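This report covers a metal site, a chain interface and some backbone features. The sequence and structure come first.

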Amino acid sequence: MAKTKIVGVGEFAVSKDPEEVIKTFALGSCVAVIFLHKPTRTVGLIHVALPESSISPEIVRDRPGYFADTGIHAILQKMAAIAMPPGSLAQGMVVKIAGGANVMDTNNTFNIGKRNVLALKKILWPLGMGPVTEDVGGNISRTVSVSVGTGKIVLSSPTKGEWEI
Amino acid sequence: MNRQEKEIAVRQAIKNVPLISSAVARLLELSGESEHGIAEIVNIVKYDAVLTAQILKVVNSAAFARKAEVYSIDHAVSLLGEDMVVGIAMSEAAGLLFDKKLEGYAAEAGSLWRHDLKTAIAAKIIAGHARTEVNGDLAFTCGLLHDLGKGVVSDFLKKTPQKIQQAMEQKKFPDYAAAERAILGLDHAEAGYELSLNWNLPAPLPQAIRFHHQPALADEALKPLVYTIHLADIVAMMSGVGTGSDALQYLLDTAYESYIALSSDELAAVMLGVEQEYSKVAGVFWGKEEEAPECA
Ligand SMILES: [Fe+2]
Ligand SMILES: [Fe+2]
């Protein structure tokens, strides 16, 4: 049986253990960013809730992963420490994202899912880690799990069953 | 069964739901009144043995980590606060509706209760952003009750979640409630409204339940409250705590802007506040060690 590591909202996990599965539940407008560092077989997953940390500097200390801007830097720091890549972390890194859903007929204020996705991409692109695959938007709540050993990412929702990205 | 027969069966099922105790009804009524103190709450609770026992159990649970055992109901109610007491009362009174597995929404047991609790917490916070005053405790109670009807209609929606999902993708219905109406002749909001009338819930609870997906249809005077519940429901769904197959499959009525003032940053702060409060309260109801099946 694979060991499962659950990632809550605003949390992240990094693992090098091929037996491990990293999982996060019901994303809603939140976004999961999955980092697959091929050369060192290290996997990271972060569950981001909001685009910008400026609304609550206090939370940043406890849970930098809540926000796109602080979260990406926090998880990449941890990945670098665990993966210890010979060169730059961006080399051989594959990034995929999922989530960022919305209710129907949303407006700009309530479009947090979309703003999360945009904020994340703006941070990832300059790092040379733009997402190669995305399963975002729409009106469904996604659950994500990643097998560290294989890098296989499975999404699921209550009515759509399971699918891979 | 055709749609008419289904509608008759649903309406009969609503009539068959057991009534809530007079203590719970009185608590709900009280929470809607602007002038009331904790002493009145204690007075209602202490004459209901089951409720008293449950409240003492919660206050002495691990989540509160109190050094000394709490034996007095006065002390317990003041420690928990009004919202928690109403929440405990509702989970006791309508546990059968809240806690059961909802096949009609592809939802595990407890999913609806989590969604209702999160909506209640969001409603209280959003009430603070209403352009005219909305009572936060009343908003909390409405949030707790808004989807009660799902507990009834779910039994008649078995085997529909996949079909509705497909129909929604083909844009055959404007939202999930419309799909329910097409199948049953009424949606969960109306079922909850009928139930609230049977239970003699005080105004404005029935209207808040009835129009939470169609707030524009509420009486003008109640719109600030009804839009508060409408948005709170959406905030709960966005945070990943919907009920099941219907999560996020509802429309945002942007006319809320006339009643509730929320900038993007304020909404983000609301979501953060809801998350923090929910993780505190969820610990009380489910204990920290239990793994919630949904995020947040
Ligand atoms: Fe609803
Ligand atoms: Fe709801």
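The loop between helix 10 (148-153) and helix 11 of chain B holds B:Lys159. The model is a predicted one, and in it B:Lys159 has a positive phi of about 65 degrees although it is not a glycine. A second backbone feature is the cis peptide bond that joins B:Ala203 and B:Pro204, with omega at about 5 degrees. B:Pro204 is placed in the loop between helix 13 and helix 14 of chain B. Most residues other than glycine have a negative phi, and most peptide bonds are trans.

**Iron site**

Chain B coordinates two iron ions, ligand 1 and ligand 2, as listed in the table.

| Ion | Protein donors | Donor distances | Donor angles |
|---|---|---|---|
| iron ion (ligand 1) | B:Asp147 (OD), B:His188 (NE2), B:His212 (NE2), B:His213 (NE2) | 2.1 to 2.2 Å | 85 to 172 degrees |
| iron ion (ligand 2) | B:His115 (NE2), B:His146 (NE2), B:Asp147 (OD), B:Asp233 (OD) | 2.0 to 2.2 Å | 84 to 176 degrees |

The iron ion (ligand 1) and the iron ion (ligand 2) are 3.5 Å apart, and B:Asp147 coordinates both. Along the chain, the donors of the iron ion (ligand 1) have the spacing D-x40-H-x23-H-H. B:His188 belongs to helix 13 (residues 188-198) of chain B and B:His212 to the loop between helix 14 (205-210) and helix 15 of chain B, so this pair ties together parts that are 24 residues apart in sequence. For the iron ion (ligand 2) the spacing of the donors is H-x30-H-D-x85-D.

Why is the arrangement around the iron ion (ligand 1) irregular? Its four donor atoms subtend angles of 85 to 172 degrees, and a tetrahedral assignment would require all angles to lie between 85 and 135 degrees. The arrangement around the iron ion (ligand 2) is irregular as well, because its four donor atoms subtend angles of 84 to 176 degrees. Ideal angles at a metal are 109.5 degrees for four tetrahedral donors.

**Interface of chain B and chain A**

In chain B, 43 residues are in contact with 33 residues of chain A. About 2,900 Å² is buried between chain B and chain A, and carbon and sulfur atoms give 69% of that area. On the side of chain B, the residues that lose the most area to chain A are B:Met238, B:Leu248 and B:Leu272, together 22% of what that side buries.

Nine residue pairs are in polar contact across this interface, with both residues of each pair at pLDDT 80 or more. Helix 11 (161-169), helix 15 (223-238) and helix 16 (264-286) of chain B each supply at least two residues of the side that touches chain A. Helix 16 of chain B gives the largest share, nine residues. Sorted by class, that side of chain B has 25 nonpolar, eleven polar and seven charged residues.

**Salt bridges**

Side chains of opposite charge can pair when their charged atoms come close. How many salt bridges does the structure hold over all chains? The count is 20, and one salt bridge lies between chain B and chain A. In that interface, the side chains of A:Lys160 and B:Glu169 meet at 3.0 Å, N to O.

Within chain A, A:Glu164 forms a salt bridge with A:Lys152, and their closest N and O atoms are 3.9 Å apart. This pair links distant parts of the chain, twelve residues apart: A:Glu164 is in strand 10 (residues 161-164) of chain A, and A:Lys152 is in the loop between strand 8 (143-147) and strand 9 (153-157) of chain A.

Notes. Residues are numbered from 1 along each chain as its sequence is written. Chains are lettered from A and ligands numbered from 1 in the order in which they are written. This is a predicted model: local features need pLDDT of at least 70, side-chain atom pairs count only at pLDDT 80 or more; totals for chains, interfaces and linings use all residues. Side-chain values use heavy atoms; hydrogens and water are left out. Contact means heavy atoms within 4.5 Å. Buried area is the accessible area (1.4 Å probe) that two parts lose on being put together, summed over both. A salt bridge is a side-chain nitrogen of Lys or Arg within 4 Å of a carboxyl oxygen of Asp or Glu. A polar contact is a pair of N or O atoms within 3.5 Å; within protein, one must be able to donate a hydrogen and the other to accept it, and residues adjacent in sequence count only if both atoms are side-chain atoms. Helices (H or I, at least four residues) and strands (E, at least two) are DSSP runs, numbered from the N terminus. Ala, Val, Leu, Ile, Met, Phe, Trp, Tyr, Cys and Pro count as nonpolar, Asp, Glu, Lys and Arg as charged, and the others, Gly among them, as polar. Donors are N, O and S atoms within 2.8 Å of the metal (3.2 Å for Na, K and Ca); water is not among the atoms, so sites may look incomplete. Four donors count as tetrahedral if all angles lie between 85 and 135 degrees; four count as square planar and six as octahedral if opposite donors are over 155 degrees apart and all others between 65 and 115; anything else is irregular.
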